Amino acid sequence: LRLTLEPGNAGRELLSVAGPNRDFRLVLLLDAQGSPLAVLDLPGAPDVNLPSGIKALSAGEPHRLDLSLIPSPKTLTALWFLDGEQTSAVSLKAEPGGLAEEGQTLIGGENGFSGRIHELGVYYRDDRNRPTPDPGIYRFMMERKHGRRLVLAEGFEGLYPPEGFTAEPAS
């Protein structure tokens, strides 16, 4: 999620995702201090807060805010990133289960925020149950660090580059 906030958004929702009968709900919001927070609501369990470790977001400045939820057989791990840098990792016990294929995503959540969303991306597991990557987080930080010297390969599978791949030293 790439966004620019206006002043006065503490306590406001950025995005909510819910199952068809609200049997599952994930809300991304700004807490009372303006820090990003995710709240996970699963059936038969109390709400779980997934803190971001991010201080209040500055109004008027663009931010890239990423949350990755990584399920495993006995846990769910939430990884937060701000502008490409990891800020938090939270793991909690979770029983395996599936999510309904239907539901709703509400941009701005139920009480909305003032600002602009520049980009919204949702990544999931592919048909071979592999997580789909978001190389944009890595690329953003490495371009900032290395500039034009960065060579980022996306999509190479196996030990060798694809046929026809060539590279030359910079002159």
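How many bridges join strand S3 to S4, and in which sense do the two strands run? The model in the viewer is predicted. Select residues 25-30, which are strand S3, together with S4: 6 bridges join them, and the strands run antiparallel.

**Stop 1: the S3-S4 hairpin**

Strands of a sheet pair through backbone hydrogen bonds, either parallel or antiparallel. To see one pair of partners here, pick Val27 and then Val39 in S4, its bridge partner. Next, select the 5 residues between S3 and S4, which form a hairpin. Gly34 lies in this turn and has a positive phi of about 90 degrees.

**Stop 2: strand S4 and its next partner**

Now select residues 36-41, the whole of S4. This strand is mostly covered, with 5 of its 6 residues buried. Add residues 48-51, strand S5, which pairs with S4 in the antiparallel sense over 4 bridges. Leu40 is the residue to pick here, and Val48 in S5 stands opposite. S4 and S5 also form a hairpin, with 6 residues between the strands. In this hairpin Gly44 takes a positive phi near 70 degrees.

**Stop 3: a five-stranded sheet**

Move to the open sheet of 5 strands and follow them in the order S8-S7-S6-S1-S10; the pairing is antiparallel. Strand S8 (85-93) and strand S10 (115-119) stand at the edges with a single partner strand each, so one side of each has no neighbour in the sheet. On average, neighbouring strands of this sheet are turned by 25 degrees against each other, direction ignored.

Within the sheet, select residues 62-71 for strand S6 and residues 75-82 for strand S7. These two pair in the antiparallel sense over 7 bridges. Show the side chains of Leu67 and Trp80: Trp80, in S7, stands opposite Leu67.

**Stop 4: the nonpolar core**

In soluble globular proteins, nonpolar side chains tend to be buried together. The largest nonpolar core in this model has 23 residues. Select Leu3, Leu5, Leu14 and Leu50, the residues with the most contacts inside this core. Strands S1 (2-5), S2 (13-18), S3, S4, S7 and S8 each give two or more residues to the core. The largest share, 4 residues, comes from S7.

Which residues does Leu50 touch, not counting those up to four places away in sequence? Centre the view on Leu50 and show Leu37, Ala38, Leu40, Leu69, Ala78, Trp80, Val90 and Leu92, which are its contacts on that count. Two of these names have come up before on the tour: Leu40 stood opposite Val48, and Trp80 stood opposite Leu67.

Notes: Residues are numbered from 1 along each chain as its sequence is written. This is a predicted model: local features need pLDDT of at least 70, side-chain atom pairs count only at pLDDT 80 or more; totals for chains, interfaces and linings use all residues. Side-chain values use heavy atoms; hydrogens and water are left out. Buried means under 20% relative accessible area, exposed over 50%, partly exposed in between (1.4 Å probe, protein chains only). Two strands pair if DSSP finds at least two bridges between them. Axes are lines fitted to C-alpha atoms, for helices over the stretch in contact, and angles run from 0 to 180 degrees between N-to-C directions. A nonpolar core is a set of buried Ala, Val, Leu, Ile, Met, Phe, Trp, Tyr and Cys residues joined through side-chain atoms within 4.5 Å. Contact means heavy atoms within 4.5 Å.
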